[in-house]
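Trainee: I'm new to this one, and I'd like to learn how to read it. Can we walk through it together?

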Amino acid sequence: MKIGMIQLASIEGDVSGNCTKIRNWVKTYAGQDYDILCFPELCISGYEFESAASLDEMEFMAGLAKEYGQALIAGVHSVHGEEHYNSTGFWDETGNLLGEYKKIHLWAKENDFFTRGEKLITVDYRGWKIGMLMCADLGFAEISTPLSLKEGVDIIIYPSAWGYGSEELFVNCAKIRAAENQVFTVALNRACGNEMYCGNSIAANPDGTTLSRIVSTEEAFGTVTFEKEKLEKAREFIPWRKMKQEIIYRKIREKYN
């Protein structure tokens, strides 16, 4: 599985300009044997939430995937009826929506605008099972662990928008989520645009080591290739999955709930 990470410098509220940037990145790398091209959180309209009214972001990404024959994952502003969501969509190379994850752990002013998601989403694609979470979700093993142990994902992808100065915590969270679940993670962050973000997008191995990292806060492209053998080796070397004590964990939760 080969993934292209686009650490995009979106401009808040500049829907047209951001769409042009996204199209140019897809045009450049489509046809270069990438299974998926990934974009960060709210990459089209950003945190000027009302600007999203000018475009159906889900439809735009679907059309782009179909036009260039390229599977895409992107963080977008989605609308369902009267509800607005901070979502991650996964479109295959025909533009078909394979899955949409609606962010559970909303951050700061997101709570005043978006509806909170309540479901975990997985997608089977080209022999890999992929889970999607987002940004602040990096801090919560409560949702990454079910994706790993119950849903059996191989990769968890986190489109993100972590602020400037948080790169060490951002990178460490991606690595520990990978290690504790013994899966690959991709934490794809925004670059500095007209607001400051910490960049440093990273893909981590299932043993918690760095597989690929963009060591920059600027707009950049990174490539990561995943191999199933690394999953097997990590799980054999440290058999954490076999050591799980679900009955004891349940008793502890019951005591404190």
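Mentor: Sure. Let's begin with one pair of residues: Ile 3 has Ile 36, in strand E2, as its bridge partner. Keep in mind that this is a predicted model.

Trainee: How do strands E1 and E2 run, parallel or antiparallel?

Mentor: The general idea comes first: strands of a sheet pair through backbone hydrogen bonds, either parallel or antiparallel. Here, strand E1 (residues 2-7) and E2 run parallel, joined by three bridges.

Trainee: And what joins E2 to E3?

Mentor: Two bridges do, and these strands run parallel as well: E2 covers residues 36-38. One contact to look for is Cys 38, whose bridge partner in E3 is Ile 73.

Trainee: How many bridges join E3 to strand E4?

Mentor: Nine, and this time the strands run antiparallel, with E4 spanning residues 83-91. Find Ala 74 and you'll see it opposite Gly 89 in E4. The hairpin of E3 and E4 has two residues between the strands, and Gly 81 there takes a positive phi near 65 degrees.

Trainee: Is E3 mostly covered or uncovered?

Mentor: Mostly covered: seven of the nine residues in strand E3 (residues 72-80) are buried.

Trainee: What is the strand order in the sheet that these strands form?

Mentor: Read across it as E5-E4-E3-E2-E1-E12, an open sheet of six strands with mixed pairing. Strand E5 (97-102) and E12 are the edge strands, and each pairs on one side only. From one strand to the next, the twist averages 35 degrees.

Trainee: What about the sheet that holds E6 and E11?

Mentor: That one is an open sheet of six strands too, in the order E6-E7-E8-E9-E10-E11, again with mixed pairing. Strand E6 (122-125) and strand E11 (210-213) each have a single partner strand, so one side of each has no neighbour in the sheet. The twist here averages 20 degrees from one strand to the next.

Trainee: Which residues of E6 make up the covered face, and which the uncovered one?

Mentor: Val 123 and Tyr 125 are on the covered face, while Thr 122 and Asp 124 are on the uncovered one. E6 also pairs with E7 in the antiparallel sense, over four bridges. In that pairing, Thr 122 has Gly 131 of E7 as its bridge partner. Between the two strands is a hairpin with two residues, where Arg 126 takes a positive phi near 50 degrees.

Trainee: And at the E11 end?

Mentor: Strand E10 (residues 202-204) and E11 run antiparallel, joined by three bridges. Ala 204 has Thr 210 as its bridge partner in E11.

Trainee: Now the rings. How many aromatic pairs does a search of the whole structure find?

Mentor: It finds 14. A pair of aromatic rings is described by the distance of the centres and the angle of the planes. Take Phe 113 and Phe 114: their centres are 5.2 Å apart with 90 degrees between the planes, and the pair is edge-to-face. Phe 113 counts as partly exposed because its relative accessibility is 23%, whereas Phe 114, at 5%, counts as buried.

Trainee: Why is the pair of Trp 128 and Phe 226 tilted?

Mentor: Their planes are at 50 degrees, with the ring centres 6.3 Å apart, so the pair is tilted. The two residues are 98 apart along the chain: Trp 128 is in strand E7 (residues 128-132), and Phe 226 is in the loop between strand E12 (220-225) and helix H5 (228-237). Both Trp 128 and Phe 226 are buried. There's a ring cluster to find as well, linking Trp 25, Tyr 29, Tyr 34 and Phe 221.

Trainee: Last topic, salt bridges. How many are there in the whole structure?

Mentor: A search finds eight. In one of them, the side chains of Arg 190 and Glu 12 meet at 2.6 Å, N to O. Arg 190 is in the loop between strand E9 (184-188) and E10, and Glu 12 is in the loop between E1 and helix H1 (15-29), 178 residues apart. Arg 190 and Glu 12 are both buried.

Trainee: And what does Arg 23 form a salt bridge with?

Mentor: With Glu 67, where the closest N and O atoms are 2.7 Å apart. Arg 23 lies in helix H1 and Glu 67 in helix H2 (residues 57-68), so this pair ties together parts 44 residues apart in sequence. Finally, look for the network of salt bridges that links Asp 35, Glu 93 and Arg 126.

Definitions and conventions:
Residues numbered from 1 in each chain as written. Predicted model: local features only at pLDDT ≥ 70, side-chain atom pairs only at ≥ 80, totals over all residues. Heavy atoms only, no water. Buried < 20%, exposed > 50% of the residue type's maximum accessible area, 1.4 Å probe, protein only. Pairing = 2+ DSSP bridges. Axes fitted to C-alpha atoms, helices over the stretch in contact; angles between N-to-C directions. Phe/Tyr/Trp six-rings, centres within 6.5 Å; stacked < 30°, edge-to-face > 60°. Salt bridge = Lys/Arg side-chain N within 4 Å of Asp/Glu carboxyl O.
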